[in-house]
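Good morning, everyone. I will take a few minutes on one structure, so please look at the sequence and the model as I put them up.

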Amino acid sequence: MKLSRGWIVVSLVVAALIGVRAFTGGGMGRVYVKSEAVSIDVPADAAKGTAATKVEWTAWAQVPPRVYKAAEATNPAQTEVVFSWGRTIGLWIAAFFTLAIFSFLYRDNPAYRFTEAVIVGVSAAYAMVLGFWETVVPKLLGALTPDFVKGWVLPSLSDQGPAQVVAMCFALVLGVLLLMRLSPKGGWISMWPLAFIIGVTAGLKIVSHVESDLIAQSVATFKPLVAFKTDATGAVAAWPTVWASLANILVVAGVLCCLTYFFFSVEHKGLVGKGARVGIWYLMITFGAAFGFTVMGRVALLAARVEFLFDDWLWLIDPAGKRVVETMSMLTAW
Amino acid sequence: MKRLVPMWIAIIAGFAMLFSAFFPATESLGEIFGDAFNVIAAIAFVLGAGSLAKVNLEKISRKDQGWGYAVITLICFVATLVVGLGKIGAHPNPNFAALPWSGEIQQEGAVFQWIYEFALVPITSTMFALLAFFVASAAFRAFRAKNVEAILLLVTAFIVLLGRTFAGVVLTGWLPDWASGLRLENLSVYIMQVFNTAGNRAIIIGIALGVAATSLRILLGVDRSWMGGGGDK
């Protein structure tokens with residue numbers, strides 16, 4: 001995609017505005033961290049023939065900018081709370097990604113497509129890495145080579161029984177067979193692990209859906225159609241009782257009407273037709289509520305991203321009081 | 001052979017899972033099969049990675065339009081994989097400090113966590129946030145109050161949207177206490193608790209029946225369409 005002159009101008013203007021903002025007041029988009037020295041004594045291990053040693057590293061925890069300012073004000077030579085290049089670069093990259101995705105609201109453009117390419121690569125590798133460390137290592141390698149896994153990465157790994165070892169050998173074979181899908185001739189054999197996956201999923205889903213959906217939801221629908229509510233004195237409160245009873249009646253009637261609409265073995269005529277029609281109304285209300293709920297969820301996410309840009313990156317707002325000092329200095333600079 | 005073996009694998013695995021829920025003696029069998037399932041699914045990621053690499057490398061070798069983005073995808077994929085599998089920047093678990101690889105992969109300071117925090121989270125959450133605009137725009141174009149059903153959907157969406165904002169509270173805040181049930185925030189709660197509950201409950205019951213029926217068809221070998229190649233034969 002070729003960059004048009006308009007895009008170059010817009011990019012330059014945005015860069016100039018950010019540049020101005022970066023040097024106004026307390027600046028913007030900086031991250032500070034506090035160091036904590038970690039030192040652990042490792043005792044000698046006679047079995048492995050290792051001597052006692054000490055393992056040390058520095059842990060860095062992010063702190064609000066005001067903590068850095070306070071530390072600097074107390075002691076300008078301090079090195080405990082410092083500027084973090086890694087996190088600051090990360091913050092700016094995150095801001096770029098956020099703006100690049102938002103730029104799609106205008107139209108497709110190179111910044112958006114770049115970010116899209118990044119997320120495809122990163123998310124695929126992310127899932128793979130988690131699958132390796134959280135499943136392959138503890139389950140598969142932990143069963144097949146327990147000593148190696150215990151001495152390498154998971155000392156707390158519990159011993160696996162013979163059934164688990166056999167099952168993991170079986171899983172490994174099926175896993176390798178699954179990779180045959182990449183082969184032009186042996187693709188048919190990848191159907192075996194797929195069959196295992198489908199069988200296990202089918203067996204699991206029958207139990208879980210019948211137990212937690214069909215039975216639990218049906219039981220929850222058996223509500224008293226007259227639900228008495230009492231006040232502080234223990235007497236029956238008229239209006240709360242009416243409202244609670246009406247709510248229960250509406251729920252029971254609604255479930256029955258919706259199920260009637262889903263029941264296609266009987267023609268939707270007469271009483272069944274009327275019930276099905278009421279069921280459609282209930283479903284429309286449900287879809288409307290789901291739509292409103294979804295939009296509100298997305299708007300909340302949008303607000304969070306805008307807050308990230310204006311608070312964490314541009315330092316224009318400070319709802320959590322993270323940079324009281326910066327905000328004041330910016331005001332005085334203006 | 002090509003269809004019979006997979007069918008029996010599915011039947012045995014499925015019934016093993018089913019029995020494990022009913023017979024305490026086979027309970028551990030269900031857990032073991034579940035672990036095997038997870039391991040196969042994790043190995044399947046290799047298949048996904050191979051497919052991703054193949055598609056993008058083909059695009060690069062053919063110099064298709066936008067092949068540069070395929071390069072970026074591959075670079076990001078390999079980089080994330082290397083820092084993740086290598087646990088770069090991760091400190092050992094303080095309880096097992098002698099083992100450098102014992103640390104959690106998602107910990108402060110690990111490069112993998114940096115990628116999660118500054119690339120994965122901002123991009124995915126902004127993409128979801130973007131949907132707010134597209135959903136609103138699509139709704140504006142598609143929603144028309146033409147009949148009772150459409151009116152119900154529109155009005156409900158309007159009430160739920162307004163009822164969860166400050167504007168909704170202000171708009172109907174003047175209503176007296178005896179009519180407080182008509183305030184938008186209360187109406188919104190009532191809709192969610194009564195009508196939405198009823199509709200969703202019926203949908204969930206319908207889905208559960210459908211899933212159970214489809215799963216049983218697979219376990220009994222009646223439905224073999226998942227093997228491809230033309231239906232139930």
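I will go through the contact between the chains, then the salt bridges, then the cysteines.

One thing to keep in mind is that this is a predicted model.

Let me start with the interface. How many residues does each chain bring to the contact? Chain A gives 123 residues, and chain B gives 109 residues. Between them the two chains bury about 10,800 Å², and 83% of that is on carbon and sulfur atoms. On the side of chain B, the residues that lose the most area to chain A are B:Ile40, B:Tyr69 and B:Arg201. Together these three account for 7% of what that side buries.

Next, the polar part of the interface. The count across the interface of chain B and chain A is 11 residue pairs in polar contact, with both residues at pLDDT 80 or more. Which elements of chain B give two or more residues to the side that touches chain A? They are helix H1 (4-22), helix H2 (27-62), helix H3 (67-85), helix H4 (111-142), helix H5 (148-163) and helix H7 (184-219). H7(B) provides the largest share of that side, with 24 residues. Sorted by class, the side of chain B that touches chain A has 83 nonpolar residues, 18 polar ones and 8 charged ones.

Now to the salt bridges. Over all chains the structure holds 10 salt bridges, and 4 salt bridges are found across the interface of chain B and chain A. B:Glu117 and A:Arg87 meet through their side chains in a salt bridge, at 3.8 Å from N to O. A:Arg87 and B:Glu117 also belong to a network of salt bridges, together with B:Glu108.

Other salt bridges pair residues of one chain. In chain A, A:Lys54 is bridged to A:Asp41, with the closest N and O atoms 3.5 Å apart. What does this pair tie together? A:Asp41 lies in strand E1 (residues 32-42) of chain A and A:Lys54 in strand E2 (residues 53-63), so the bridge joins parts that are 13 residues apart in sequence. A:Lys54 is partly exposed, at 48% relative accessibility, while A:Asp41 is exposed, at 57%.

Also in chain A, the side chains of A:Lys150 and A:Asp159 form a salt bridge at 2.7 Å, N to O. A:Lys150 is partly exposed, with a relative accessible area of 25%, and A:Asp159 is exposed, at 65%.

In chain B, B:Asp64 and B:Arg62 form a salt bridge with their side chains, 2.8 Å from N to O. Here B:Asp64 counts as partly exposed, at 26% relative accessibility, and B:Arg62 as exposed, with a relative accessible area of 52%.

Last, the cysteines. A disulfide is a covalent bond between the sulfur atoms of two cysteines. How many disulfides does the structure hold over all chains? The count is 0. Why is A:Cys257 not bonded to A:Cys258? The sulfur of A:Cys258 is the closest cysteine sulfur to that of A:Cys257, but at 7.0 Å it is too far for a bond. Seen from the other side, A:Cys258 is in no disulfide either, its nearest cysteine sulfur being that of A:Cys257. A:Cys257 counts as buried at 15% relative accessibility, and A:Cys258 counts as buried at 0%.

That is the end of my part.

Terms used. Residues are numbered from 1 along each chain as its sequence is written. Chains are lettered from A and ligands numbered from 1 in the order in which they are written. This is a predicted model: local features need pLDDT of at least 70, side-chain atom pairs count only at pLDDT 80 or more; totals for chains, interfaces and linings use all residues. Side-chain values use heavy atoms; hydrogens and water are left out. Helices (H or I, at least four residues) and strands (E, at least two) are DSSP runs, numbered from the N terminus. Buried means under 20% relative accessible area, exposed over 50%, partly exposed in between (1.4 Å probe, protein chains only). Contact means heavy atoms within 4.5 Å. Buried area is the accessible area (1.4 Å probe) that two parts lose on being put together, summed over both. A polar contact is a pair of N or O atoms within 3.5 Å; within protein, one must be able to donate a hydrogen and the other to accept it, and residues adjacent in sequence count only if both atoms are side-chain atoms. Ala, Val, Leu, Ile, Met, Phe, Trp, Tyr, Cys and Pro count as nonpolar, Asp, Glu, Lys and Arg as charged, and the others, Gly among them, as polar. A disulfide is a pair of cysteine sulfur atoms within 2.5 Å.
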